[in-house]
Amino acid sequence: MATRECYHCKEEIEEGTPHDCWTTTEENLTRGLSEDLLDAWERLRDTAAEFGDQRIYASHRSIMFSRKACYFFVRPQRKFLEIWFFLGRKLKDSRVLKMVPASSVKFGHQIRVIHRDQVESPITDWLREAYDASESLHPFAKKKRKRS
């Protein structure tokens, strides 16, 4: 039977066979992490889960944390965890490697974590702020109107 190579995952797929390489699991994305990174991941996930009601799911190469919209995500890499979180303000800190506007009211911030001990304040405070602000930064958030 004829095969083709998937453009995304480079896996050989038999023609006519359904294939969805975008669907993955947290386990697949964290498999192969060093012990330090796995400990950091578990602490990060547990901390975020304590914030409240949310959806945590894997998507392509990232693990997403969302309420109505994603408020932060993690891309597990071989040597670090790449974390992106969204705030309604620009954050200036040496731990923030990159800051990009994600919308007219929201800014994405990138940090890297390599050890469990890094998953503490101020990083956990920023993630909590992102969780708390995510509803008001959502594009369909209800705006309070001023009466004239």
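In the predicted model, Thr124 touches Thr47, Phe51 and Val119 when residues up to four places away in sequence are left aside. Thr124 belongs to helix α3, which spans residues 123-137, and its relative accessible area is 15%. Because this value falls under the 20% limit, Thr124 is classed as buried.

Helix α3 also takes part in the largest nonpolar core, which comprises 28 residues and in which Phe72, Ile83 and Phe85 touch the most other members. At least two residues of this core come from each of α2 (35-49), β4 (62-66), β5 (70-76), β6, β8 (107-113) and α3. The contacts of Phe72, again not counting residues up to four places away in sequence, include Leu44, Ala48, Ile63 and Leu127, together with Ile83, Trp84, Phe85 and Phe86. Apart from the largest core lies another core, of five residues, among them Met64, Cys70, Phe73 and Phe86; of these residues, Met64 and Phe86 are also touched by Phe72. In soluble globular proteins, nonpolar side chains tend to be buried together.

Asp93, by contrast, is located in the loop that runs between β6 (81-87) and β7 (98-101). With a relative accessible area of 25%, Asp93 is partly exposed, since the value lies between the limits of 20% and 50%. A polar atom of the Asp93 side chain lies 2.8 Å from the backbone nitrogen of Arg95. Asp93 and Pro122, although 29 residues apart in sequence, are separated by 9.9 Å in space, from C-alpha to C-alpha.

Methods:
Residues are numbered from 1 along each chain as its sequence is written. This is a predicted model: local features need pLDDT of at least 70, side-chain atom pairs count only at pLDDT 80 or more; totals for chains, interfaces and linings use all residues. Side-chain values use heavy atoms; hydrogens and water are left out. Helices (H or I, at least four residues) and strands (E, at least two) are DSSP runs, numbered from the N terminus. Buried means under 20% relative accessible area, exposed over 50%, partly exposed in between (1.4 Å probe, protein chains only). Contact means heavy atoms within 4.5 Å. A polar contact is a pair of N or O atoms within 3.5 Å; within protein, one must be able to donate a hydrogen and the other to accept it, and residues adjacent in sequence count only if both atoms are side-chain atoms. A nonpolar core is a set of buried Ala, Val, Leu, Ile, Met, Phe, Trp, Tyr and Cys residues joined through side-chain atoms within 4.5 Å.
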